[in-house]
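Me: Please take a close look at one part of this protein. I am a first-year student, so give the cut-offs for each term.

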Amino acid sequence: MTDRVHYQQIAGLPGLVLSAARFADFSFGRHVYLDYHIGVVNEGVQRQMACILQSAA
């Protein structure tokens, strides 16, 4: 299976970009987004690691 990503700008909605991706075995390093992202997994599994910061009260 080949990894792939496709981006599409929507004509009536400036600033909105739709993306569709397929990853067989890929991981992202720690990162942040400066805008909003909504993700949907419609096949397979997405694994996430959460880092919970605790303050020294």
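Reply: Here is a look at strand 1 and what lies around it.

This is a predicted model, where local features need pLDDT of at least 70, side-chain atom pairs count only at pLDDT 80 or more, and totals for chains, interfaces and linings use all residues. Residues are numbered from 1 along each chain as its sequence is written, and side-chain values use heavy atoms, with hydrogens and water left out.

The protein has 0 helices and 2 strands. These are DSSP runs, numbered from the N terminus: helices are H or I, at least four residues, and strands are E, at least two.

Strand 1 covers residues 4–9. Its partner is strand 2, residues 17–22. The two run antiparallel, with 6 bridges. Strands pair if DSSP finds at least two bridges between them.

Now the residues. Val5 sits opposite Ala21 of strand 2. His6 also belongs to strand 1. The C-alpha atoms of His6 and Ala20 are 5.3 Å apart, though 14 residues separate them along the chain. Setting aside neighbours within four places in sequence, His6 contacts Leu18, Ser19 and Ala20. Contact means heavy atoms within 4.5 Å.

Tyr7 is in strand 1 too. Tyr7 is exposed, at 60% relative accessible area. Buried means under 20% relative accessible area, exposed over 50%, and partly exposed in between (1.4 Å probe, protein chains only).

How many of the 6 residues in strand 1 are buried? The count is 0, so strand 1 is hardly covered. Across the 57 residues of the protein, buried residues make up 0%.
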